[in-house]
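Here's a quick briefing to read with the model open beside you. We'll go from the cores to the helices, then on to the strands and a few backbone oddities.

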Amino acid sequence: MINIFSIRCSLAFAPYLAESAAEFLREGGLASRVVRQGGSGLIVRSDGDVVLRHQNRQASFGREEATHYFATVQFRCEFYDVLRMQDEVVLANAGNELLLSHPQSDLWLGSQAIAAFVDAFSSESSAKAEESLSGLPEWLSVSTGGERLLISDQRTGRWVLLSHDHIHELERRLEALGAPALAVPRPEPPTISLKGLKVHLQSAFKLAATLEDFADTGNVAPFEEITPIYSLTASRSTEGIELRDSDKRVALTRREVRIWASIIRGELDRLNATQVERGRIRTVFAGTGDGRWILQWGDEVLVSNVELFQLLPFSNSTQSGAMASPRIKHAGEFLLVLCPETGACVALTDSESRYVHEADW
C-alpha cells in the first residue's frame, strides 16, 4: 500500500503517482487526471500544490513533500518491480504473489496460476488449454482466442483481457515467485491507552502539548489529525476536552488533563521517543525491545536491534520483491527504509537518520 498523509491507495497507483510527482517537480504544476485501478479512482490535480483525492479523502502538498513522496513511491516501484503496460494493466511482484491490476479490479495470484496462464496462452487449442489449468483457483476462469487471454473473476464478474506482451511479462516474472511462505506475526508499534482511547505515537506529542496548555491556561487549541490508519480529534467540551477517534469518545476534566499529560510524557520518555518535523512531514522515532520504530503518516517501519547496525545501501543483486525486512536505499538527499511485508516506506534526511542510531535507548 501507499500512504500519503490521509490517503492510502493500492500499489497499482504507483506509476501514476510517480509520473505526476515528477511532472510537478519539473514543471511546477501538473495536468489534471482521473485514474482508475482495482475498481477505485484516484483524482490528481494541481492548484499550486498537488491535490489528491481517493475514496472520499483528500490530501494536498507542496514541493518539499512532493520530493519526499516521489522518493518513497519510486523505491516501491523499483523494489516490487511495478510496471504499467498497455490497456492500463499494472503488474507488481510482492514476495510469492503477483499483483495483476486493471481499471475494473485487481487480482493477487500465485506461481501456479501464472504458470497456468502462460500454458493456456501457448496451447494450440482451447481444449488443450483447459486440461492444463489445474493451478487456477476455483473462482478464476480463463479462455483463449485471437491471440488474447480472457481472465474472469467469478466472485465479482469482472474480467481483464491480456495480450501477448502481457503474457510474456507474466512469464518473465514467474521465476521470481517462490512457494507460499508461512505467515509470521508482525510486531506493531506501541500506542498509549487513554481511558480506552488508543493514542498513536504520531499524534502523542501534539496531544500532550494540547493537554498541558489547557491545564496551564484553560484554553483548548482544537485539532484534527487524519492518517491512513487512524484519526484523532481534540475539541472543547463542557467538562474540559473531548478526544475522538472515529466513534470512540473520551472526555477529560481540567483536573484529569494534567495527569494524562504527565502519563503520555512519561511513556514517550520510556520509549525514548523523538518527533521531528520537516515541512508537513512529521517523523516519530521510538525504541522498544524489538528495535527502533520509524513512523511517518501511516508508514510504520521497524528496524530491529540487529539491523540497526546493518543499514547498508540497497543492493541490486537482491531479487526484486524478496521479502526481507527492512530494505535500505540511499537516493538523493534521503535514506529510504522499506518494509517489504507491508509496503510501508519512510524517507529520512541526514539530520533525521541520526535518531535511528540513538545509543541511549
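## Cores, helices and strands

The largest nonpolar core has 42 residues, and the members that touch the most others are Ile-4, Phe-5, Leu-17, Leu-52, Tyr-80 and Val-82. The top contributor to this core is helix H2 (residues 63-79), which puts in 7 residues. There's also a second, separate core of 33 residues, with Leu-201, Phe-205, Leu-243 and Val-284 among them. Keep in mind that this is a predicted model. As general background, nonpolar side chains in soluble globular proteins tend to be buried together.

**Helix H1**

- Does the length of H1 come out as expected or not, and why? At 1.5 Å a residue, the 14 residues of H1 (residues 14-27) should span 20 Å, and the end C-alpha atoms are 20 Å apart, so the two agree.
- The buried residues of H1 are Ala-14, Pro-15, Tyr-16, Leu-17, Ala-18, Ser-20, Ala-21, Phe-24 and Leu-25.
- For reading that list, recall that an α-helix has 3.6 residues a turn, so residues three or four places apart point the same way.
- Right after H1 comes Gly-28, with a positive phi of about 85 degrees.

**H1 against H2**

- A pair of packed helices is described by the angle between the axes and the distance between them.
- For H1 and H2, the angle is about 145 degrees and the axes sit 9 Å apart.
- The crossing of H1 and H2 is left-handed.
- On the H1 side, the contact uses Ala-14, Pro-15, Leu-17, Ala-18, Ala-21, Ala-22, Phe-24 and Leu-25.
- On the H2 side, the contact uses Arg-63, Ala-66, Thr-67, Phe-70, Val-73, Gln-74 and Cys-77.
- Leu-17 turns up twice here: it belongs to the H1 side of this contact, and it is also one of the residues touching the most other members of the largest core.

**The sheet S3-S4-S5-S6**

- Four strands make an open sheet in the order S3-S4-S5-S6, with antiparallel pairing.
- Which strands sit at the edges? They are S3 (33-37) and S6 (57-61), each of which pairs on one side only.
- Ignoring direction, neighbouring strands in this sheet are turned by 20 degrees against each other on average.
- H1 packs on the sheet and touches S3, S4 and S5 (50-54), and its direction makes about 160 degrees with that of S3.
- S3 and S4 (residues 40-46) run antiparallel and are joined by 5 bridges.
- Within that pairing, Arg-36 has Gly-41 of S4 as its bridge partner.

**The S9-S10 hairpin**

- S9 (residues 97-101) pairs with S10 (residues 106-109) in the antiparallel sense, and 4 bridges hold up the pairing.
- The hairpin that joins S9 to S10 runs through 4 residues.
- Leu-100 has Leu-107 of S10 as its bridge partner.
- Side chains alternate along S10: Leu-107 and Leu-109 point to one face and are buried, whereas Asp-106 and Trp-108 point to the other and are not.

**Strand S25 and its partners**

- Why call S25 (residues 334-338) largely enclosed? Because 5 of its 5 residues are buried, the rest of the structure largely encloses it.
- Phe-334, Leu-336 and Leu-338 point one way from S25 while Leu-335 and Val-337 point the other way, and all of them are buried.
- S24 (residues 327-331) pairs with S25 in the antiparallel sense over 5 bridges, and His-330 stands opposite Leu-335.
- The hairpin of S24 and S25 has 2 residues between the strands, and Gly-332 there takes a positive phi near 60 degrees.
- S25 also pairs with S26 (residues 345-348), again in the antiparallel sense, over 4 bridges, and Val-337 stands opposite Val-346.
- The hairpin of S25 and S26 has 6 residues between the strands, and Gly-343 there takes a positive phi near 85 degrees.

**Positive phi outside glycine**

- Phe-5 has a positive phi near 55 degrees without being a glycine.
- Phe-5 sits in the loop between S1 (2-4) and S2 (7-9).
- Is Phe-5 buried or exposed? Its relative accessible area is 5%, so Phe-5 counts as buried.
- Asn-56 isn't a glycine either, yet has a positive phi of about 65 degrees.
- Asn-56 lies in the loop between S5 and S6, and with a relative accessible area of 72% Asn-56 is exposed.

Technical notes
Residues numbered from 1 in each chain as written. Predicted model: local features only at pLDDT ≥ 70, side-chain atom pairs only at ≥ 80, totals over all residues. Heavy atoms only, no water. Expected span 1.5 Å × (residues − 1). Buried < 20%, exposed > 50% of the residue type's maximum accessible area, 1.4 Å probe, protein only. Pairing = 2+ DSSP bridges. Axes fitted to C-alpha atoms, helices over the stretch in contact; angles between N-to-C directions. Contact = heavy atoms within 4.5 Å. Core = buried A, V, L, I, M, F, W, Y, C linked by side-chain atoms within 4.5 Å. Left-handed = near helix turned anticlockwise from the far one by under 90°.
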